[in-house]
Structure formats: structure tokens, C-alpha cells
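Colleague: Please take a close look at the beginning of the chain in this model. I would like to know how far to trust the surroundings first, and then what sits against what.

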Amino acid sequence: FPSWCAGLFGTYGIGSVGLWKFSVVAELGFGRWGGCYSIHSDQSATVAKYGVMLYSIDLPLLVRAERKAGRGALFIDAGAFLSYVPWAKDLENASSGSACSDLVLSIPLLPGACGGLGYELPLGRGKLSFEIRGDYGFETLTTSTTTGDGTLSACRLSLLAAYRIPLSVK
């Protein structure tokens, strides 16, 4: 399922140790995430697999360590996130794309931890950034559908690309 995310972020430098520079990064994003979940029926051992599409507002707060590497900078970041999932779709017949229904999530507010590894290159006024990031939610999304109850793990692995433009604040 195609996924995407768009947002804003800000960075505040907090110091350096040796070759490493440290900063705090706050992000605000809106995204659509695809995935699969299983429904287990209490009456039998039957397991049905469904596709799901989640729309979320994400707020990660990260500590970033970066150091010069070639023309750019290598960075590692880690921190916490809070995601609000106002809307989710159950793609009941994901292969044919014929039916969609709303999912009811028992917990629409999801806390978690995240971390990533990336590389930034200077480009024009800003920096071109590439990152692989993993998110682990501390809650499991529980769904209720007409076919039974199911769970959706709140984990994702993302490949991120961004163009960072510095803004001057006076």
C-alpha cells in the first residue's frame, strides 16, 4: 500500500562533543500509512488478513547526533513520538480493491519510540536529507469490524527524504 508523509520540522543546536554535534529536532507530520492486520475469530481458528490504511498526525521529538562525513553529514537520531489517528480504512478486499469500510480504533492516540540513521548533503540554500527510521508504538491498535476483532501492531519502518531550508529567526 503506498504511504506518504508531509510536514514541518525544526532543529535547535545544543552543543558538541569532539567531532559530534548534538541538537533537538521537533517534527510535525501528516501521513498515510499502509499495512496488514489479522482478525482471529473466537468461534474457530480461522484467521483473515486485511489491508488497512491509517491517516495520522505525528509529533516526533528527537535528539540528533551528527558528524561530517565526506561532502555531507552522517546523523543518528532517537526519541519519542505521539501519533493521533483520526481516520483509518479497512481495505476488505485488498486484492480487488472493491470494498472499504471505516475502522474503529480503541486507542486513537499512540505513544512510541523512534530512531533512525541518515545522511545529509548541502544543496543550494538547504540540505538534502535521507534517512531510514523505525517507529515502535507502545500500544497495539485494536479494531472492531463486522467480521470480528483484530489487532494491528503500531510499528513501521520508513525511508525518508527531505529538503531542509534554514529559516532565520531574529
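Modeller: Confidence is uneven along the elements of the protein: strand 7 (residues 109–123) has the highest mean pLDDT, 93, and strand 5 (residues 100–102) the lowest, 58. Here pLDDT is the predictor's confidence in each residue, from 0 to 100, and strands are DSSP runs of E with at least two residues, numbered from the N terminus, while helices are runs of H or I with at least four. The pLDDT is below 50 over residues 93–98, and this stretch has four contacts in the model beyond near neighbours in sequence; a contact means heavy atoms within 4.5 Å. The average pLDDT for the protein is 80, and 69% of the residues score at least 70.

This is a predicted model, in which local features need pLDDT of at least 70 and side-chain atom pairs count only at pLDDT 80 or more, whereas totals for chains, interfaces and linings use all residues. Residues are numbered from 1 along each chain as its sequence is written, and side-chain values use heavy atoms, with hydrogens and water left out.

The protein has nine strands and zero helices. Of its contacts with a separation of 6 or more, 62% are between residues 24 or more positions apart.

Now to the part you asked about. Strand 1 covers residues 4–17. Trp 4 lies in strand 1 and Phe 30 in strand 2, so their aromatic pair ties together parts that are 26 residues apart in sequence. Rings of Phe, Tyr and Trp (its six-membered ring) pair if their centres lie within 6.5 Å; planes under 30 degrees apart count as stacked, over 60 as edge-to-face and the rest as tilted. The centres of these two rings are 5.6 Å apart and the planes stand at 55°, so the pair is tilted. Trp 4 is partly exposed, at a relative accessible area of 39%, and Phe 30 is partly exposed at 37%. On this scale buried means under 20% relative accessible area, exposed over 50%, and partly exposed in between (1.4 Å probe, protein chains only).

Cys 5 is partly exposed, with a relative accessible area of 42%. The structure holds zero disulfides, a disulfide being a pair of cysteine sulfur atoms within 2.5 Å.

Further along strand 1 comes Phe 9, partly exposed at 33%. Leaving aside neighbours within four places in sequence, Phe 9 is in contact with Ala 26, Glu 27, Ala 162 and Arg 164. Its C-alpha atom is 9.5 Å from that of Leu 59, which is 50 residues away along the chain.

Ser 23, in strand 2 (residues 20–40), shows what lies on either side. With neighbours within four places in sequence set aside, Ser 23 is in contact with Thr 11, Tyr 12, Gly 13 and Ile 14, and also with Leu 62, Val 63 and Arg 64. Ser 23 is buried, with a relative accessible area of 6%.

Val 17, also in strand 1, is exposed, with a relative accessible area of 58%. From Val 17 to Ala 65 the C-alpha distance is 9.7 Å, across 48 residues of sequence.
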